[in-house]
Amino acid sequence: MTAPLLAIEHVSRHFGALSALNGVSLSVAARERRAVIGPNGAGKTTLFNVITGQLAPSAGAIRFEGRAIVGLAPHAIARRGISRSFQRTNLFPRLAVGENLRLAAAADGRGSWNVLGSVDRLAAPLGRAREVAEAVGLAERLAEPAGRLSYGEQRQLEVGVALATVPRLLLLDEPTAGMSPEETARMTRLLQALPREMTLLIIEHDMDVVFSLADRISVLHHGEVLCEGTPDEVRADARVYEVYLGTGDDR
Amino acid sequence: MPLTRRSFLAGTSAVAAGVAMGPWVLRSHAQAGPIKIGVVLPYSGVYAVLGESITQAMELVFARENWTVAGRKIEMIKEDDQMTPKTGIEKTEKLIESDKVDILTGPVHSGILLGMRDKVHNTRTILIVSNAGADDVSRGKCSKWIFRASFSNWQPNQPMGGWVARNVAKDVFLVAPNYAAGKDMMTAFKETFLPAGGKVVAEDYPKLGETDYAPYLTKIRNSGAKGVYCFFSGTDAVNFVKQFDEFGLKQSVRLTGAGFLVEPDVLPAQGKAALGIISGHFYTPLLENPTNQKFVKEFRAKFNNKMPDGFACQGHDTAETIVRALKAVNGNTQDKARLVEVIEKTEFDSPRGRFRFDPKTHNVIQPYIYVREVRDVHGGLNNVVIDKIADVRDPGTGCTLPA
Amino acid sequence: MTPVDLLGQALNGLAYGVLLFLLSVGLTLIFGMLDVVNLAHGSFYMLGAFAGLGLIAATGSFWAALVLAPVVVGVVGALVERTCLRPLYRRAVLDQVLLTFGLIYLFEDVVKWIWGGRIRSIPGPALFSGSVKIAGAAFPAYRLFVIVFGLAIAVVLWLVIERTRLGSIVRAGVWDAEMTAGMGIDIDRVFTGVFAGGAALAGLSGVIAGPIRSAYPAMGSEILVVTLIVVVVGGLGSLKGSLAGSLIIGQAETFGKAWLPETAMLIIYVVMALVVLFRPQGLFGRPLR
Amino acid sequence: MRLARPGGFVALLALLAVFPLFAGNYPVKLLHEILIWGVFAMSLDLLMGYTGLVSFGHSAFFGLGGYVAALALLRWPGATAALLLPAVAAALAALVIGFFSIRVSGVYFIMLTLAFSQMFYAVAFQAEWLGSNDGISGVPRPVVVGLSLAAPRVFHLFLVGFFGLAGLALWRVVRSPFGHVLRGIAENEGRMAAVGYPVARYKLLAFVIAGTVAGLAGSLFTQLNGYVSPDAFFWTTSGEALLMVILGGTGTLGGAFLGAAAFTLLQSLVSSYTERWMLILGLTFVLFVLFAPGGIVGVLRGRIGLRA
């Protein structure tokens, strides 16, 4: 068996007396599409924040491609090949859509230290930005400031920015949150069409999206992994119904 | 051509009447306009009161002449230097280049004086310094074009050293703001203080603009000094003197200093705390010479009963120098070199005594440095003369005129 | 340095520190709650001194001025908050900087207009004129009064902020103004109140400082920087921090002047830089992020 | 950004170059101040408008450039002393100050930069070898490539050239890939880090570039006046530069220049006519903030508050 792409080992994170993560262990294989579900307050977003370095874990280790990443700054972790989208839209509102994507695509730093040159000469990131815009359905809106997009479009761009860095591991935090059914369907198709080389870790509340996308599902509850398995296994697990579906998370 | 010439002779006959014919006539034509006197002084901020005193006295002198000398009007162009070198230099430039003033006067701030020095020197503009005392301008940085009708920092302090050692105390604590003027003044004081057997117990240089002297006063109290010699002016002088009294030091330590410490700009704010302070200065409004009596009377009549101070005396002498020099050249301000020669020889009775410039440095020779004590006389706090030292001239080390 | 000397200097530092506390506590609460960098805070100090001067002239009593001048300055503060700052809360920090910077010029010139540029001395209360002997050395009675009075104000403020409903609203507001507004509190009025209160305290310190440091128009812009330093050293929005910062800076500057007069100016900046480097949120500030 | 369009910019420079042919010495002197303060304000705008770093300590570099130039020119009046040394000194200072300041943000950044500049002020104000309060005077203008800048016309062209080059360089910087990264940081620092930008290092380089340009402006200011004083370091110098930027319109280099021009003219002209200049200046700022938040450029665009 090959080493997992992402290995989370006994990670905890406390906020004062509150523990948001409590010894979470999780490993994601390369090319896998993994969904993380759980009721609100289960610690899902905290888990993402700990992986991407926005928060330091109180205890535990995280390895990406076999190398420890705990303690690295967010930008350094991103450079290793992990990219994420945010639950709350987190864009560059006054910059054009194309510029949002180009900045992300150029984040590897090549060319970005050029102090006197022209942005127009950065062929690779510009190309990548167009490609991603095409993929997320914003090819027509490249020149529009991101702040002027509709909510659904901003969600698409949110994912686009995460995609543009060409990550090996993509973390998506509720990409369809607040979307209309049509928008959700489009987002699902978009995600399904992503290349398999891009390993996916997705937090999602919409079970249709989860079941149509995920190879495996991890259920988080009270900062702990309740269970893990294929969609069918999880669907069959009574505990999941109890804590999550059954208790009627009202969203 | 003849016609033109005749008509303008008629037009300028009043001016030309006392003037030799020939080339002079042409020049008078060029000079029919007013004589412009540039003034760079602080008119805002704490030091505005200094600028005001100097300006008022100048206006008084010019008004005596009906604002006309040798048939030409006198026009004062006042600029606020805000006590900042940047602005002072900019205003100097404006007066020289844009207003094309005939004679420049000011400033209060030594830094501004040093900053404008090269500009003035290079453009051959005549500058009569009406306050700033930077010694350098009478030493290495003296200039043929610069006269000083006020004082050099050295002047009020050097004679005081020996006097304090002989009459006040041998163990003295020195305090002055930490900048060139403060240090220069203390050095000048020591020149005569040490040879007269004085001993400097300690010296401290608080920052300029210090508001709380408590740490220094505590040190003075515990140093065992019998006297303090200091230089402060403006806000610093008010706060130092008041806090000196507040700490109860006046009972055991005699406070002496350069005259600025207790000039009328700060004396009212100091109040009773200033009583008994001994200071050396070239002027006090109580001087009994007739020129001063007249000056005080006119000044108080014109400016709402305000007492003139040393700054007013400086303004008076600046303006008086200008008036006398202009009369001597008959209003011809074109020939600058000649004007310089005339100013150099100007001599008159000033409120402070017989006024003349030292030809070696172009700095005023103080007729006297008066040793004064603050007393409650003549219906208020006043600096009463208790002794005087005659003919105090700056050594002018390193000055070689004409430069 | 003898023990008497040490004691004397410590008292000097304490008197200065207490003055800084009265100045900085308003600024720190305004910072913490309104998120406003109020560069005009020094102007309120200056206005307090001049209002005190006017009121002493009118009433003949230092004590009347001590009570009334802060009220006058507080009203000016409330007006400034209502008319100038209110429209800016949702705008960039920069706009507030520019506005309050403009107010410095404005207040300074208005005062100059009314009172002239001359330095004015504020007569202290006759009760505390002269000096008293402490351990054999004379110390000004008025400064002792300042120390006691300032510390008393600190205790009162602490009680108000820690023990009253108003105080709990202010504390909540410092942490999260938006949330406080969500709790159904009229946050606008609280903002005005805090700003006016801060201004009044600055005015109070102006009156208190007057008999020691005199009154002149530039006094506000001169004291501003050290006040800001106290706030940063203590931590934004913290009453405890403001007190600690004031006392530390007060002692540091006083002993700096006594021992190394020519570098005394530097010491407070060094203290501040050290604090910011090793504890960026200040001594009692809430942790950054 | 109309001013920054290449054609317009060249025309402006040409106009500035021939200005002394039509104007007296005093307007020319005012123009020189505007050019130097304009460059100083533009360098600050690189931080404020483009990187989102509100520095209240930019005077540290202006003053340092001025003092280094003064000390150096008194010994060796050449291009090295006039340009190279001040630039290097300012760059090094910016590197150190920036390294520490960039670790904090917002109000703390404002305060820390303020404190650093005040430290310089304290040193200059008290150090005897720097002339303490009086500053350093009698600084000669340098001889650059055989031309003496003491000649007014040569100095004028030198200043216009300096302004042109500095303006062009900053214009290139804000349009370069690096400049775009800065804008991204100003817009959303957290996201820039999340996609992989080492944000602190980009900020530091911006800080160093801005500091270097400010140092050069300071050096030129010393050369203009033959004089430098501790005021150059004082926090109000930073404050005035901030005002210029905001007055002109944050995030537009041309606006910073316009702001410098407006401020300089306002201060010089108003103070020649009335003692109440501080009141008028203060009132202008207050009214500008309340009613024209986009600055002069905002008003010119007619769309107040909306920046492209």
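Helices and strands here are DSSP runs, with at least four residues for a helix and at least two for a strand, numbered from the N terminus. The model itself is predicted, and a handful of its local details are worth a look, starting with the backbone of chain B.

There, a cis peptide bond turns up between B:Gly106 and B:Pro107, with omega at about -20°. As for where this happens, B:Pro107 sits in the loop that runs between strand E4 (103–106) and helix H6 (110–122) of chain B.

Chain A has its own backbone oddities. A:His10 is not a glycine, yet its phi is positive, at about 50°. This residue belongs to strand E1 of chain A, which covers residues 6–15. A:His10 has 13 other C-beta atoms within 10 Å, so it comes out as partly exposed. A:Glu65 is likewise not a glycine and has a positive phi of about 50°. A:Glu65 lies in a loop of chain A, with strand E4 (59–64) on one side and strand E5 (67–68) on the other. Because A:Glu65 has 16 C-beta neighbours inside 10 Å, it also counts as partly exposed.

Over in chain D, two helices cross. Helix H10 (residues 235–248) and helix H11 (residues 253–273) have axes that come within 7 Å, and the angle between them is roughly 115°. The crossing of H10(D) with H11(D) is right-handed. On the H10(D) side, the contact is made by D:Glu240, D:Leu243, D:Met244, D:Val245, D:Leu247 and D:Gly248. H11(D) answers with a set of residues that includes D:Gly255, D:Phe257, D:Leu258, D:Gly259 and D:Phe263, along with alanines such as D:Ala256, D:Ala260 and D:Ala262. Sorted by class, the residues of this contact are 10 nonpolar, three polar and one charged.

Chain D also meets chain B. In this pairing, 26 residues of chain B are in contact with 24 residues of chain D. Several elements of chain B take part: strand E3 (72–80), helix H5 (85–98) and H6 each supply at least two residues to the side that touches chain D. Of these, H5(B) gives the most, with eight residues. The side of chain B that touches chain D is made up of 11 charged, eight nonpolar and seven polar residues. H6 of chain B thus appears twice in this account: the loop holding B:Pro107 lies between strand E4 and this helix, and H6 also supplies residues to the side of chain B that touches chain D.

Definitions and conventions:
Residues numbered from 1 in each chain as written. Chains lettered and ligands numbered in written order. Predicted model: local features only at pLDDT ≥ 70, side-chain atom pairs only at ≥ 80, totals over all residues. Buried ≥ 20, exposed ≤ 12 C-beta atoms within 10 Å, placed from the backbone. Axes fitted to C-alpha atoms, helices over the stretch in contact; angles between N-to-C directions. Left-handed = near helix turned anticlockwise from the far one by under 90°. Contact = placed C-beta atoms within 7 Å. Nonpolar A, V, L, I, M, F, W, Y, C, P; charged D, E, K, R; others polar.
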